[in-house]
Amino acid sequence: MATDYAAIREAIVDGDADTAAALGRDVAETAENALEAVDTAATVIREVGDRFGAGEIYLPEMVLAAEAMQAFMDEVTPRLEAEAQRSGESRETAKVVIGTVKGDIHSIGKNIVATMLSASGYEIIDLGVNVVPMDAISEADRTGASIIGLSALMTTSMPYQKEVVSLLTELDRRNDYWVIVGGGPVTSDYADEIGSNGWAPDAAAAVQLCDRMMSSGTGPATAPFIGKEEE
Amino acid sequence: MKLDLDRILDVLDKAHTGPVYNERTFNLEVVAKTIQEKVAQYGLTGTCDPANPIPADDDLADRFYQAGFDAAVDIGLLCADTNRTIRLSAAELQAGLDAAPSEFWLGSGDQRVHYRHRELDDPTPPVWTAPLSIAVAEDAFVPMVEAFARVPVIDVLQGPSLETIHGRPLRSGSPYEHIAGRYQADLMHEGLRRAGREGMPLEAIATSTTHIGVLGGYGVEGGYSRDSDIVTILSIADFWTSYESLFKMTQVYVTGGGFINGATWVMLGGYAGGPEGTAVACIAYTLLMISVFQGARGGVPPFDLAYMGNTGGRAQWALSMFDQAVTRNTHVVLQSVVNQVTGPGTKELLYESIVGLTNIAVSGTANSVGVRSAGGRLTNYLTPLENQFAGEVYKAAAGMSREQGNEIVKRFMPKYAAVLSTPPDGRPFQELYNLDTLQPIAEWRQMYEEVKAEAIDAGLPMD
């Protein structure tokens, strides 16, 4: 049965999670090339993200589109994993622990980044707001995450971003996790200064940042910082 | 100003017994859907004209107000600590607005400042508060306060804010912040003394955004005064509140009463959607912040997610519509805030200020706080001069008509439109001011004079 790419596009753009899930099941069960369908979906969600970044669509539409994308991927992923296993390739989804740091209960920026990362294939463990530094590390340990993402919207909460990096360093575990930071007052220079691995100016760039880190071939302790100058 | 304990307790009770929502359901099913419904119900879809950011349609402004009032009743404020909604009936919301003052005084001695409700096209000069809570280095703090207080057009001080206290990093929610509340009051008072403006009103507490600084610095001996200063209560996201904000209100109550400013932002492009929905949300959130927190003053302007400011066409339109709607339909002392994105030492920052401050002056606001120099992103990137300029624009525009204001806004918006998404940082205070004389360097002064001449030529009576 031919895959209905137009229908996949429409379901994601419209934020129709039920239809997207049904189309995902069709792909999983009958498509000759499931990866091509996933590529289509990924292209669509990137376009949605770009339109949000340009102010052409608004947050509710983007969140619903991301949820539709997730519903589609939930159905297709088991087949992709089975195919990967048969061919001897490993197909692991990178996990990101994300949260707004202690003393700060702003969530909208963190939510937008989490939504974009999720839509781009990352598994998100959202710790919410007011996250104690050691809790971010403990959750990353528990879930097997690769990346810890820390948001701060106040200059007075930014020291807790630094604290997470300091804890990892002092525990001699700096190579265990990539640490990325962001938020209104957080600059690329600050992110570099505190020893994080990367900074991005917006949610779309945060996805690119994570993609670069996951394909860098080096460890977080020795990788060069990725920030404003590197874009 | 005494706070009503029965109303406080009622709000606290609602925060612990009101309807329960998780984050997703509240944001998408309550906020976004309600706003969309009100925009459609009141025929507001497609009314935004970003090329003419200051509309002069009284009927439209009144329809926006009704939509905002209804939305406030239907949405309420979700308390992040309880996941319950503080929801007021229409009668309770109106009673809260009726109880808000239409005028009050802050400050003491010859520095007293009269806040009063303004109307559209009102010649009464609005109150100018500066600077915003932009971080500065600890050793620059008192000289900076002194330099700002020396500017006569600045009536009230809010910022700047501290990154460190006694050399230690200030950590939100920690005991450092408790000390910071009182410490900032001491430093502000010293700056005022050096400038010869003791008694000038202050807004508490720029350095500490959580309640802990307010607990440590407001209403305590030597701290911020409950008789002459005002506590600003901000929130975290559209139609959200928290114990932090409620604690600030209860601190004002337990210290014997005082003045509260109920303020925050609505994100344009966020859950409220486009400019029409955002204007409705700004109105609704403003009414709730004043009524729930017994605000002597309040206002919730838009903030465009596309560039994290509000000086572009659609945000300016939403800002004006929100201001006009609240001005025409209430007697409250309305605050509105212009969120610039370009940095000090650039002409673009001054052009953004002409647009934003002209807009909110003719749209009826009683007070504004600014300037958000460099979008508030960078430590030490603020100077008194752009704050002086913005205050001069704000007061000069009072008494102009909305039509006159619109022509000025249209003339200056194109001068920075191209850099809204890539704003120049400008230069820090230490590079733009002589630190011995606390006067701007010649280059920055010349930019100010040149742009001021352009503003006068456009019809703003700044001379």
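Two domains and a partner chain

In this predicted model, chain A is divided by the domain assignment into domain 1, which covers residues 5-86, and domain 2, which covers residues 95-225. A reader who wishes to place these two parts relative to each other may begin with their C-alpha centres, which in chain A are 26 Å apart.

The two domains also touch, and on this boundary nine residues of domain 1 of chain A are in contact with eight residues of domain 2 of chain A. If one looks at the side that domain 1 of chain A turns to domain 2, the elements that supply two or more residues to this side are α3 (34-53) and α4 (59-86) of chain A. Of these, α4(A) provides the largest share, with five residues. Sorted by class, this side of domain 1 of chain A consists of five nonpolar residues, three polar residues and one charged residue.

From the boundary inside chain A, the view can now be widened to the boundary with chain B, where 22 residues of chain A are in contact with 28 residues of chain B. On the side of chain A that touches chain B, the elements that give two or more residues are α4 and α7 (158-170) of chain A, and the largest share, three residues, again belongs to α4(A). By class, this side of chain A has 11 nonpolar, nine polar and two charged residues.

Taken together, α4(A) is a useful landmark for the eye, since this helix gives five residues to the side of domain 1 that touches domain 2 and three residues to the side of chain A that touches chain B.

Technical notes. Residues are numbered from 1 along each chain as its sequence is written. Chains are lettered from A and ligands numbered from 1 in the order in which they are written. This is a predicted model: local features need pLDDT of at least 70, side-chain atom pairs count only at pLDDT 80 or more; totals for chains, interfaces and linings use all residues. Domain bounds come from an automatic or database domain assignment. Two residues are in contact if their C-beta atoms, placed from the backbone, lie within 7 Å. Helices (H or I, at least four residues) and strands (E, at least two) are DSSP runs, numbered from the N terminus. Ala, Val, Leu, Ile, Met, Phe, Trp, Tyr, Cys and Pro count as nonpolar, Asp, Glu, Lys and Arg as charged, and the others, Gly among them, as polar.
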